[in-house]
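Work through the exercises below with the sequence and the 3D structure open. Try each task before reading its solution.

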Amino acid sequence: MNALTLDVRNVTKRYGDGETAVTAVRDVSLAIQPSEIVLIMGPSGSGKTTLLSMMGALLHPTAGTIRLDGTALSDLSERQLPPIRLRQFGFIFQDFNLLSALSILENVALVAELAGSKRKAAREKATAILTELGLGARLDFLPEKLSGGEKQRVAIARALINDPALILADEPTANLDSKIGHEIMRLLRRIAKEQGRSVVIVSHDQRIRDIADRVLWLEDGRFKDVITMTTDPVCGMTVERDRAVSVERDGEAFYFCSKGCREEFLGRLRSEDMGGCRSAVLQRAGSVFAHLASGARDGHASD
Ligand SMILES: Nc1ncnc2c1ncn2[C@@H]1O[C@H](COP(=O)(O)OP(=O)(O)OP(=O)(O)O)[C@@H](O)[C@H]1O
Ligand SMILES: [Mg+2]
């Protein structure tokens, strides 16, 4: 697997012609970097699935270009696209598209075999991924015997099996309870960060904001304001910069999840300040509070 950049430039998608034409995506541009987790949110019908489908080369844009590390996907023929979809993209879509006549192990292993793996290696890898996702006891089950959440996890295993550079997920937690949903999101984050893969998630699920590096809001086919995430230096939580409680000191801005964290930060600065130079204290702020992050996260109370 190579770390690849996906570059979307001035992409528009129109369905149909004339009076009944629907412009689902309008002149959208964005670039996804390796290891980056981007969350795309927005109301129903705003064009999220359409955009994700174009990013994964499942749908041709009406205008604009999508480049995967410099190669324009829109210039490739239908015959050239399947190997790219198979090896570079891992899709986790709303309708799982599992093959009903195959066991879940076969559903996942098949995708590796299609990409060139030997049968035995494909089955071993599929077993390992399914087991990691908590489905080790279900390997021989047909999809119809699984719950919605379990099917979702099979779809995730299938998306991961060929070590794709980009994982594209449409509402990946829609059928999952809160605990499993959170675990799946943490797993996706670990995969992105440890293995240099990019993850693009379309979702209404506010909890996913915690794992995203960037949140984009799509409305009527266009991106509205870009939401920048940052880390609270006291508790380590990911916070939305524009909505966070903030404080500025010596030209540097700090953002917090709550007034409580800001007060703790200022209190510590004041006590540090008594003993030394202010700018040195500010420089050290990150490390001073870093050790608090893990411990404070669990017992953290916001106001
Ligand atoms: N194949 C199609 N033919 C015609 N119009 C379509 C088609 N697919 C989607 N649309 C229209 O394009 C617009 C965007 O649809 P899309 O599925 O991308 O939205 P979405 O943001 O994913 O919505 P949801 O949150 O409900 O899944 C909608 O108005 C939809 O009706
Ligand atoms: Mg959709």
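A residue is buried if 20 or more other C-beta atoms lie within 10 Å of its own, exposed if 12 or fewer, and partly exposed in between; the C-beta atoms are placed from the backbone. The model is predicted: local features need pLDDT of at least 70, side-chain atom pairs count only at pLDDT 80 or more, and totals for chains, interfaces and linings use all residues. Residues are numbered from 1 along each chain as its sequence is written, and chains are lettered from A and ligands numbered from 1 in the order in which they are written.

**Exercise 1. Three loop residues**

Task: Decide whether Leu176, Ala57 and Ser35 are buried, partly exposed or exposed.

Solution.
Step 1. Helices (H or I, at least four residues) and strands (E, at least two) are DSSP runs, numbered from the N terminus. Leu176 sits in the loop between β7 (166-170) and α6 (178-195), Ala57 in the loop between α1 and β4, and Ser35 in the loop between β2 and β3.

Step 2. Apply the cut-offs. Leu176 is buried because 22 other C-beta atoms lie within 10 Å. Ala57 has 21 C-beta neighbours inside 10 Å and therefore counts as buried. Ser35 has 17 other C-beta atoms within 10 Å, so Ser35 is partly exposed.

Step 3. Look at the backbone. Most residues other than glycine have a negative phi. Phi of Ser35 is positive, near 75°, and phi of Ala57 is positive too, near 60°.

Step 4. Find the surroundings of Leu176. Two residues are in contact if their C-beta atoms, placed from the backbone, lie within 7 Å. Beyond four places in sequence, Leu176 touches Gly149, Gln152, Gly181 and Ile184. Gly148 is 28 residues from Leu176 in sequence, with 7.4 Å between their C-alpha atoms.

**Exercise 2. The shell around ligand 1**

Task: Which helix gives the largest share of the shell around ligand 1, and how do the residues of the shell divide into nonpolar, polar and charged?

Solution.
Step 1. A residue is near a molecule if its C-beta atom, placed from the backbone, lies within 6 Å of it. The residues around ligand 1 include Tyr15, Val22, Ala24, Gly47, Lys48, Thr49 and Thr50.

Step 2. Assign elements. Both β2 (22-32) and α1 (48-55) supply at least two residues of this shell. The largest share, three residues, comes from α1.

Step 3. Sort by type. Ala, Val, Leu, Ile, Met, Phe, Trp, Tyr, Cys and Pro count as nonpolar, Asp, Glu, Lys and Arg as charged, and the others, Gly among them, as polar. The shell has three nonpolar, eight polar and one charged.

**Exercise 3. A sheet and its helix**

Task: In what order do the strands of the four-stranded open sheet run, and which strands are at its edges?

Solution.
Step 1. Two strands pair if DSSP finds at least two bridges between them. Strand β1 (residues 6-15) and β2 are antiparallel and joined by seven bridges; in this pair, Val11 stands opposite Val28.

Step 2. The order is β2-β1-β4-β5, with antiparallel pairing. The edge strands, each pairing on one side only, are β2 and β5 (71-72).

Step 3. Add the helix. α1 packs on this sheet and touches β1, β2 and β4 (63-68); the direction of α1 makes about 125° with that of β1. Axes are lines fitted to C-alpha atoms, for helices over the stretch in contact, and angles run from 0 to 180 degrees between N-to-C directions.

Step 4. Check how covered the helix is. Six of the eight residues of α1 are buried, among them Lys48, Leu51 and Met54.

**Exercise 4. Parallel or antiparallel?**

Task: State how β9 runs relative to β3 and to β10.

Solution.
Step 1. Strand β3 (residues 37-41) and strand β9 (residues 214-219) run parallel, joined by four bridges. Val38 stands opposite Arg214.

Step 2. β9 and strand β10 (residues 222-223) run antiparallel, with two bridges. Leu218 stands opposite Phe223.

Step 3. Two residues lie between β9 and β10 in this hairpin, and Asp220 in the turn has a positive phi of about 50°.
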